[in-house]
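Q: Please take a close look at how the two domains of this protein chain are placed and how they touch. Add a helix pair as a second example of packing.

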Amino acid sequence: MINLRSFEVPTVVKHAPGAITFLADEVKALGCKRPMLVTDQGLVKAGLVEQATDVLKAANLDYVLFDSVVANPPIKLVDDAAKTFKQEGCDGLIGLGGGSPMDAAKAIGVVAVHGGSILDFEWADPQPIVKRIPPLVCVPTTAGTGSEVTLWAVITDPARKIKYNAGGTGLIAPHVALIDPLLTLGLPAHITAGTGIDAMTHAIECYTCAYAQPWPDAVALWAIETLAKWLPIAYAQGQNEEARYNVSMAAMLGGMSYGTESAGAVHAMSQTAGGVYDLPHGELTAALLAPVMEFNYLGEPVKYARMAQALGEDTWGMGVFDAAQLAAIAVTRLTETLGIPTLREMGIPEKDIPMLAQLAFDDPQTVGNPRDIDVAGYEKIYRSCFGK
Ligand SMILES: [Fe+2]
């Protein structure tokens, strides 16, 4: 049987320091007269929503503000917002924020055009999403998720205590990603770190996963190299515009490397644990990356060795397995440098490890992992996070 591979990047990416000033132009160019601006209260307080609405008002563009997105957006929030979208006669969407507002905007668009509940659109074969969402401009305010270019929305189902993926089709992708690295200048160092390592995880998992393809490989490797160089600077000097620009670009390309397919063990673990404890995705992912790499490097030694070079390590004269392990060591050092909290510090109880290992194993992203992994393998990685 022929395994027909595909890769889809439907989003137009526009980027520059100060790009937010083009927001109204981009929305109008998509034919929208009354977009819904989807964002959260943190961004209202940070003044970033006002920056966006000032641009819309100056262009006399009518809009409806939906500013109550929460981290790990639940089904009801999306369904309620989609009702408002219809009642208010909206004809497009702006997703302003980190992953949660951008994913919520995609999901609102799915329900707005199909009806029903976002619960009906969990990824499945056949694909339940069959219509293009209304025109969507995504404006990221963190550099991590890459949601501004991905084909996925991650939604939380509190009843099942899980986060699930809707999407995997270009029909859900933003029409435009408007990337303004200046919007990330005010990010606190710990959020810069967590979201930045999440971006690196997207690139590392996609570069080494079972579905790897040449085009995303190239994109992912650039993202890894760029994050290794610039993320520590963005962390140490929040106002460094060059660092913020490079980290924003790398996060976008990390998201792009996802393509239509999924990641590996890190996201299988961080997404399932995130559904149980309602913790920030970036920090959880960042805490798990290095321990998973220590487990995984034997599965893709040549690519891991290449990653070690991209991470800035000197592998000259080394055997391939030593060079591969160096990639895991480099990421361990990076996450320590960036002060990523441990699972214990995040309040995850060690007694939950068997349950978490089973959840991770059952996650569909396990299939993409470069090394065979079973429940015992996940338990081993979780225990190593607790120093065992
Ligand atoms: Fe992620």
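A: **Two domains and a helix pair**

The C-alpha centres of domain 1 and domain 2 lie 25 Å apart. Domain 1 covers 12-184 and domain 2 covers 189-385; such bounds come from an automatic or database domain assignment. This is a predicted model, in which local features need pLDDT of at least 70, side-chain atom pairs count only at pLDDT 80 or more, and totals for chains, interfaces and linings use all residues. Residues are numbered from 1 along each chain as its sequence is written.

Across the boundary, 28 residues of domain 1 are in contact with 28 residues of domain 2 (contact: C-beta atoms, placed from the backbone, within 7 Å). On the domain 1 side, strands E1 (12-15), E6 (152-157), E7 (162-167) and E8 (176-179) each supply at least two residues. Strands (E, at least two residues) and helices (H or I, at least four) are DSSP runs, numbered from the N terminus. That side of domain 1 has twelve nonpolar, 13 polar and three charged residues; Ala, Val, Leu, Ile, Met, Phe, Trp, Tyr, Cys and Pro count as nonpolar, Asp, Glu, Lys and Arg as charged, and the others, Gly among them, as polar.

Now the helix pair. Helix H10 (residues 281-296) packs against helix H14 (residues 375-385) at about 125°, with axes 9 Å apart. Axes are lines fitted to C-alpha atoms, for helices over the stretch in contact, and angles run from 0 to 180 degrees between N-to-C directions. H10 and H14 are therefore oblique (not under 35 degrees, roughly parallel; over 145, roughly antiparallel; or 65 to 115, roughly perpendicular). Ala287, Leu288, Pro291, Val292 and Phe295 of H10 meet Gly377, Ile381, Ser384 and Cys385 of H14.

Technical notes. Two residues are in contact if their C-beta atoms, placed from the backbone, lie within 7 Å.
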